[in-house]
Amino acid sequence: MEELLQQINNYKQEIEAFKATDTKAVEEFRIKYLGTKGIVKSIMSEMKNVAPELKKEAGQLLNDFKQFTEAKFEEIKNSITDTEHQKSDLDLTLPGDILPVGSRHPIELIKNRMVSIFQRLGFAVAEGPEIEDDWHNFGALNLPEHHPARDMQDTFYIQQNPDWVLRTHTSNVQIREMEKGKLPIRLIMPGRVYRNETVSARSHCFFHQIEGLYIDENVSFADLKQTLYFFVKEMYGKDVKVRFRPSYFPFTEPSAEMDISCFICGGEGCNICKKTGWVEILGCGMVHPNVLSNCNIDPNKYTGFAFGMGIERPAMMKYGINDIRMFSENDVRFLRQFTSAI
Ligand code: 2NL
């Protein structure tokens, strides 16, 4: 026991006097005193030679020694890293690296403008699933199975469940909103839709649209026209002219397509309007009574109008983009060009 005490005191003095000037010396200290074959370990193993009545006292002594050595190790380690840090030529006062700022996607830019115009008229935004069952995408919209109008909207079917399709329009969201039974309804639904089309510069198998729906008592075709006039003036300018042409959609009756005077050439005739002076921008109509009944809305009490328009084409016209595939190629040379647009 005496001998052990002596040994410990000698090591303590040695450790006390130890000075490290670099990380190498710190590591040497660790290996010599605290390593698996180090002095602390070997002194600890002396315990087995201590007489039983002295074991408690010796245990205390050895523990103190271990803690003393570990504390010294921490001390020399910290003193080294501190001075090394001061020696480095890292200048912490320099400004940080500038992170590249992203930009909104052109489709998003046009969508936001369209949405905000309708929001000012009191329309709220609704969203819904892109994978939809046959009823919400076709059936409820007066498009029964084998109806030839389904050909206009050939789509992708989900293999595991033939009842599921990738939605061909955002009308599925309107159907879901009507089913909730809360009236009146004044909603717009922007979103991605799918069609089984050959991909080319002019058409894609997925694109984006905004649909609108207004249902209340006494909603008329005049309300539809006035709403869309307001939209056109806000979106394309107050001098733009509007015309309606009769059309057919299974989910509206009567139905119409709306053209605006070409905002590129002002109606003179150019490549964009194919020399006609007019460009088609949307389809619309009064909600078919069958569609209202399908959603448990009484068509004798309520009427409504609906419309749908694509986002890609107006975006291509506004930004002079001549290939629809650019929107989904994620080429940063294309996307970067919209950095300053809001
Ligand atoms: C187009 C034409 C249209 C609708 C969409 C609609 C929705 C419900 C009921 C009735 Cl739930 N109609 N939507 C109506 C007329 C036209 O879209 O050419 N879109 C790009």
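**Close-up views of a predicted model**

Asn296 lies in the loop that runs between helix 9 (289-294) and strand 9.

**View 1. Asn296 and Asn218, two loop residues with positive phi.** The model shown here and in the views that follow is predicted. Most residues other than glycine have a negative phi. Asn296, in the loop between helix 9 and strand 9, instead has a positive phi, near 60°, and with a relative accessibility of 73% this residue counts as exposed. Asn218 has a phi near 65°, likewise a positive value in a residue other than glycine. The position of Asn218 is in the loop between strand 5 and helix 8 (221-236), where its relative accessible area of 70% makes the residue exposed.

**View 2. Surroundings of the ligand.** The shell around the ligand contains 16 residues, of which Gln174, Glu211, Gly283, Ala306 and Gly308 come nearest. In the side chain of Glu211, an N or O atom is placed 2.9 Å from a nitrogen atom of the ligand, while Gly308 brings a backbone N or O atom to 3.2 Å from a ligand nitrogen atom. The ligand taken alone would expose 490 Å², and the protein buries 88% of that area. Four elements, namely helix 7 (171-179), strand 5 (206-216), strand 8 (278-287) and strand 9 (303-310), each contribute at least two residues to this shell. By residue class, the shell is made up of 9 nonpolar residues, 6 polar residues and 1 charged residue.

**View 3. Two aromatic pairs with their ring geometries.** Across the whole structure, 17 aromatic pairs are found. In the pair formed by Phe249 and Phe251, the rings are stacked, with centres 5.8 Å apart and an angle of 10° between the planes. Phe249 is buried, its relative accessible area being 17%, and Phe251 is also buried, at 16%. Phe334 and Phe338 form an edge-to-face pair, in which the ring centres are 5.3 Å apart and the planes meet at 70°. Phe334 counts as buried because its relative accessibility, 7%, is under 20%, and Phe338 is buried with a value of 6%.

**View 4. An aromatic cluster that includes Phe305.** One aromatic cluster brings together Phe118, Phe123, Tyr214, Phe231, Phe305 and Phe307. Within this group, Phe305 belongs to strand 9 and has a relative accessibility of 0%, so that the residue counts as buried. Strand 9 is also among the elements that supply at least two residues of the shell around the ligand. Looking beyond the cluster, the C-alpha atom of Phe305 is separated by 93 Å from that of Glu14, a residue 291 positions away along the chain.

**View 5. A lysine charge over a phenylalanine ring.** The charged end of Lys12 is positioned over the ring of Phe68, at 5.3 Å from the ring centre.

**View 6. Two cis peptide bonds that lead into proline.** Most peptide bonds are trans. The bond joining Leu183 and Pro184 is cis, with omega of about -5°, and Pro184 is situated in the loop between helix 7 and strand 4 (185-194). Helix 7, on one side of that loop, is one of the elements supplying at least two residues to the ligand shell. A cis bond also runs from Glu253 to Pro254, where omega is near -5°; Pro254 is located within strand 7 (residues 252-261).

**View 7. Ser200 and Ile43, with C-alpha separations to residues elsewhere in the chain.** Ser200 occupies the loop between strand 4 and strand 5, and its relative accessibility of 27% places this residue in the partly exposed class. Between the C-alpha atoms of Ser200 and Lys318, which are 118 residues apart along the chain, the separation is 20 Å. Ile43 is part of helix 3 (residues 39-44) and is buried, with a relative accessibility of 2%. The C-alpha atoms of Ile43 and Met258 are separated by 95 Å, and these two residues are 215 positions apart along the chain.

Notes
Residues are numbered from 1 along each chain as its sequence is written. This is a predicted model: local features need pLDDT of at least 70, side-chain atom pairs count only at pLDDT 80 or more; totals for chains, interfaces and linings use all residues. Side-chain values use heavy atoms; hydrogens and water are left out. A residue is near a molecule or strand if one of its heavy atoms lies within 4 Å of it. A polar contact is a pair of N or O atoms within 3.5 Å; within protein, one must be able to donate a hydrogen and the other to accept it, and residues adjacent in sequence count only if both atoms are side-chain atoms. Accessible areas come from the Shrake-Rupley method with a 1.4 Å probe; for residues, only the protein chains shown count as cover. Ala, Val, Leu, Ile, Met, Phe, Trp, Tyr, Cys and Pro count as nonpolar, Asp, Glu, Lys and Arg as charged, and the others, Gly among them, as polar. Rings of Phe, Tyr and Trp (its six-membered ring) pair if their centres lie within 6.5 Å; planes under 30 degrees apart count as stacked, over 60 as edge-to-face and the rest as tilted. Buried means under 20% relative accessible area, exposed over 50%, partly exposed in between (1.4 Å probe, protein chains only). A charge sits over a ring if NZ of Lys or CZ of Arg is within 6 Å of the ring centre and within 35 degrees of the ring normal.
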